Amino acid sequence: MPKLTKTSVEAEKPTDKERFVWDSELKGFGLKVFPTGAKSFVLQYRTPEGRTRRYTIGKLSNSLTTDQARKLAKGLLADVTKGGDPQGAAKARKEAWTVDQLLDAYVASPAFADKAESTRPIDIGRINHHLRPLLGGRFADQITSDDVKRARTAITAGKTAALVKTKSRGLARVTGGAGTADKAVLVLRAAYTWAIDQGHLSENPAARIKVAQSGERDTIIDDAEVYARLFHTLETMENEKRIRAPVADAIRLIALTGARRGEVGGLRWQWVDLKAGQIVLPPKSHKTGHKTGKPRIISLPAAAQEIIARQPAGEPGDYVFQPAKGSGPLALAKPWERVRTEAELPTNIGLHGLRHSVGSHMAMNGASLNEIMEILGHRQASTSQRYIHFAEKARSTLGERAASVAVAGLNGATEKADVVPLPSKRGGA
């Protein structure tokens, strides 16, 4: 068993079977000679569990000489001494998920299936149109938080914008933007969280990426005049056929009840009970239901009941607010942008802002924390608590405004008191 050198390796001739030539100095280092004449360097070793493994270092070539292969073998043996397993590591690397494979597995998982029906297609859109183009081909366990931040920046800047084919609408424009970027990060975070729970991965690169949550916005519709402007705009656009009646009514229902956009857009007749004046959403059809396992009850004021009652009747499984095309739930985001602009509402108030408005006005009218949680369907008290804080802040501001006239008088009186008049001169000593 000679020492493997450049000369001895080149001198080895092929036979009709594969054969090994082992090095006389470095234990486990060898040359595999194929019947075709090809030659590869190998390392044979034992794992800490006592199993014999044979690891292929690489094929003899101009880029891998005998001396280079020997150095690599020494390094691998040093790792083996420390408990390493080169063959096991190579196998794990070969079987490692790409981000595409991670997202495929997540979308097919029960965890994703438990999401609200209206949420799933939106998340799939974020996955296919933004996450896959930017990260899909990378190994999931090699993605860093910086990679996620760069992806978010790219989505915000519109680098994933495109025209995409859809089954229901033919072509759709994908635009990106800050809100879409943050939501895409949340979807990626959820996918990694699921993979870690299942034992496929060990770290979540999106876990500590801070994103703006829609629930953190303070902009609301703050008085009856603005609400009147909103409802007047909806009526005008509907009468002029610039917005479909189901869309206008869906927005009206959100404004009256504080329901989520997906809860209204995906509302089915079987969940509506007009006699009881309520909507009962099963656990898997609303945001928090898949975690709590409880239905969500949306109370319907008389005006909201009238809106639902005038929709064309359908089968129990049909949508209350029918989409113009396709079989999915009613899309409200783009029509809302037109309504918001024409009604001259704040540019940063979305449909979720209508929901915040309901919660904020409840708090300002003295509703308790439990009442706000019940009406808005919150799972955690901290989510509803912000409306209490908002109301306290609003009352403090109103107090300042109410006292402004009196404060002005107080300041004026103080200024006069600071001016001491000189005594008048009178005749006589």
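Two strands are said to pair if DSSP finds at least two bridges between them. Helices (H or I, at least four residues) and strands (E, at least two) are DSSP runs, numbered from the N terminus. In this sense β8 and strand β9 (residues 296–299) pair antiparallel over four bridges.

The model is a predicted one: local features need pLDDT of at least 70, side-chain atom pairs count only at pLDDT 80 or more, and totals for chains, interfaces and linings use all residues. Residues are numbered from 1 along each chain as its sequence is written, and side-chain values use heavy atoms, with hydrogens and water left out.

**Strands β7 to β9**

Strand β7 (residues 272–273) is joined to β8 by two bridges, and the two strands run antiparallel. They form a hairpin with four residues between them. In the turn, G277 has a positive phi of about 70 degrees. Q278 of β8 is the bridge partner of D273, and Q278 also stands opposite S299 in β9.

In a regular strand the side chains alternate between the two faces of the sheet. Along β8, I279 and L281 point to one face and are buried, whereas Q278 and V280 point to the other and are not. Buried here means under 20% relative accessible area, exposed means over 50%, and partly exposed lies in between (1.4 Å probe, protein chains only).

**The four-stranded sheet**

An open sheet is formed by four strands in the order β1-β2-β3-β4, with antiparallel pairing. Its edge strands are β1 and β4 (52–59), each of which pairs on one side only. Neighbouring strands of the sheet are turned by 35 degrees against each other on average, direction ignored. Axes are lines fitted to C-alpha atoms, for helices over the stretch in contact, and angles run from 0 to 180 degrees between N-to-C directions.

Within this sheet, β2 and strand β3 (residues 39–46) pair in the antiparallel sense over five bridges, and F29 stands opposite L43 in β3. Helix α2 (residues 66–81) packs on the sheet and touches β2, β3 and β4. The direction of α2 makes about 20 degrees with that of β3. Contact means heavy atoms within 4.5 Å.

**Nonpolar cores**

A nonpolar core is a set of buried Ala, Val, Leu, Ile, Met, Phe, Trp, Tyr and Cys residues joined through side-chain atoms within 4.5 Å. The largest such core has 38 residues, of which L230, L267, I279, I308, F321 and L354 touch the most other members. At least two residues of this core come from each of α9 (224–239), α10, β8 (278–281), α13, α14 and α15 (351–364). Helix α10 gives the largest share, seven residues.

Leaving aside neighbours within four places in sequence, F321 is in contact with ten residues named here in full: P246, D249, A250, L253, V264, G265, L267, I307, Q311 and L330. A second, separate core of 27 residues includes V99, I127, A181 and L188.

**Salt bridges**

Side chains of opposite charge can pair when their charged atoms come close. The structure holds 19 salt bridges, a salt bridge being a side-chain nitrogen of Lys or Arg within 4 Å of a carboxyl oxygen of Asp or Glu. Three of them are listed below.

| Acidic residue | Basic residue | N to O distance |
|---|---|---|
| E25 | K3 | 3.6 Å |
| D249 | R252 | 2.7 Å |
| D249 | R310 | 2.6 Å |

E25 lies in the loop between β1 (19–22) and β2 (29–33) and K3 in the segment before α1 (6–11), so their salt bridge ties together parts that are 22 residues apart in sequence. E25 is exposed at 56% relative accessibility, while K3 is partly exposed at 37%.

D249 and R252 are three residues apart in helix α10 (residues 245–257), and about one helical turn separates them. Both are buried, D249 with a relative accessible area of 3%. R310 lies in the loop between α13 (302–309) and α14 (333–342), so its pairing with D249 ties together parts that are 61 residues apart in sequence. R310 is partly exposed, at 48%. E238, D249, R252 and R310 are linked in a network of salt bridges.

**T257**

T257 is also found in helix α10 and is buried, with a relative accessible area of 5%. The side chain of T257 reaches the backbone oxygen of L253 at 2.7 Å. A polar atom of the T257 side chain lies 3.2 Å from the backbone nitrogen of A259. A polar contact is a pair of N or O atoms within 3.5 Å; within protein, one must be able to donate a hydrogen and the other to accept it, and residues adjacent in sequence count only if both atoms are side-chain atoms.
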